[in-house]
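Here's a walk through one structure, going from a single residue out to helix packing and then to a few backbone oddities. Keep the 3D view open as you read.

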Amino acid sequence: MVKIFKALETAEQIDGTYTSKIVEKQIEDIPEGKVLVKVEYSSLNYKDALSAKGNKGVTRKYPHTPGVDAAGTVEISSSSIWKKGDKVLVTGFDLGMNTDGGFGQYIIVSEEWVIKLPTTLSTKEAMIYGTAGFTAGLSIQALIRNGITPENGIIAVSGSTGGVGSVAVAILAKLGFQVAAISSKDEATPFLKALGASEITSRQDFEDKSGKILLKPRFAAAIDTVGGNILATLIKSLHYDGVVTTCGMVGGGELNTTVFPFILKGIQLIGIDSVEIPLEKRLSVWEHLSTDWKPQQLNDLSKEISLEELHEYIDRIFSGKMQGRAVVKI
């Protein structure tokens, strides 16, 4: 069995730079316990952009095909779990990091990485969510499990125009929460309002640089996708018994705060990991994403692009011009 297929491949050049181009690749055999998936859609995440630019913290060896998300149809299976024709999705684990990912027409993955596509989601809808939407779902699940309800008050979402943030805003609004969307993009107000945000706060006005250990309480809970001082400001701005989840660090990996919000106000800080999370928890979140959490405006969150357009959208991510999700039709 030999299959020739197209993929975006990033390679290291002699001068130490990295370039990406569409190439033809070849599959000859499927190892035991592996599944060959014909990819219909993928999606673009910040981690994909890092991999495509040669970030060795994400991808150790090149040439490499990025893409941490994929949805499509099982073509060949040496697994007893999956059979030809199954509609499936794959997010997380090592896909797109050191295993060739969804920016190619085929992926070969371990049987344990594969999830059956919910019947109420198309492959495109699954990739509008992708890792970003799955992470948003994990964050919302953490808030709900810790007793946060719409009656508690406003939920803040930082980085609200990004992948995780925009999906979080839409789902929270669907569930009846008032959402304060924090964004550095003034032009994004119509987009965020359409997703259901009840108020828009500029990052510049929100970010605290006073050094105070506590601020006036504003939010019942928060979903932070930025890290750094934005996360520190959110922690200081929560009501008593507030909960904040954290899943990103584009604003910095350091957290400069004190213990006072935690011991005086009972604040909880919850880290969100979407990579190695167990199957049972994955299935629970995807069940909600495909049913009661599914926003009516899900398709409005995304722009469909081709493999050839990935270069442009990767640059948009690094220039801070990305809004919503980029779904890649393979």
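Let's start with F103, which is buried, at a relative accessible area of 0%. Bear in mind that this is a predicted model. F103 sits in the loop between strand 5 and strand 6 (106-110). If you want a sense of scale, try going from F103 to A222: they are 119 residues apart in sequence and 32 Å apart in space, C-alpha to C-alpha.

The loop between strand 5 and strand 6 is also home to F93. F93 is buried too, with a relative accessible area of 14%, and its phi is positive, about 55 degrees, although F93 is not a glycine. We'll come back to that.

**Helix 2 and its partners**

Next stop, helix 2 (123-145). One residue to click on there is T131. Is T131 buried or exposed? With 15% relative accessibility, T131 counts as buried, since the cut-off for buried is under 20%. Leaving aside residues up to four places away in sequence, T131 touches N45, V68, D69, T91, G92, S274 and R325.

Two packed helices are described by the angle between their axes and the distance between the axes. For helix 2 and helix 3, the axes come within 8 Å and cross at roughly 50 degrees, which makes helix 2 oblique to helix 3. The handedness of that crossing is right-handed. On the helix 2 side, Y129, A132, G133, T135, A136 and I140 do the meeting, and on the helix 3 side it's G163, V164, V167, A168, I171 and L172.

Helix 2 also packs against helix 8, at an angle of about 110 degrees and with the axes 9 Å apart, so helix 2 is roughly perpendicular to helix 8. The residues making this contact are A126, Y129, G130, G133, F134, G137, L138 and Q141 from helix 2, with R282, S284, V285, W286, H288 and L289 from helix 8.

**Two helices with a buried face**

Helix 8 (residues 279-290) has twelve residues and spans 16 Å from first C-alpha to last, close to the 16 Å expected. Its buried residues are R282, V285, W286, L289 and S290. Looking down the axis of helix 8, you'd find them within an arc of 130 degrees, so they line one face of the helix. Their cover includes strand 5 (87-91), strand 7 (115-116), helix 2 and helix 3 (163-174).

Now for helix 9 (residues 310-319), where L310, Y313, I314 and I317 are buried. Down the axis of helix 9, these fall within an arc of 105 degrees, and so they line one face of the helix. The cover here includes strand 1 (3-12), helix 1 (46-52), strand 14 (302-306) and strand 15 (325-329).

**Backbone oddities**

Most residues other than glycine have a negative phi, and most peptide bonds are trans. Here are some places to check against that.

| Site | Backbone value |
|---|---|
| Y62 to P63 | cis peptide bond, omega near 5 degrees |
| F93 | positive phi, about 55 degrees |
| D241 | positive phi, near 65 degrees |
| G320 | positive phi, about 75 degrees |

As for where they are, P63 lies in the loop between helix 1 and strand 4 (69-77), while D241 is in strand 12 (residues 238-246). At 46% relative accessibility, D241 counts as partly exposed. G320, a glycine, comes just after helix 9.

Note on methods: Residues numbered from 1 in each chain as written. Predicted model: local features only at pLDDT ≥ 70, side-chain atom pairs only at ≥ 80, totals over all residues. Heavy atoms only, no water. Helix = DSSP H or I, 4+ residues; strand = E, 2+ residues; numbered from the N terminus. Expected span 1.5 Å × (residues − 1). Buried < 20%, exposed > 50% of the residue type's maximum accessible area, 1.4 Å probe, protein only. Arc of directions from axis to C-beta. Contact = heavy atoms within 4.5 Å. Axes fitted to C-alpha atoms, helices over the stretch in contact; angles between N-to-C directions. Parallel < 35°, antiparallel > 145°, perpendicular 65-115°, else oblique. Left-handed = near helix turned anticlockwise from the far one by under 90°.
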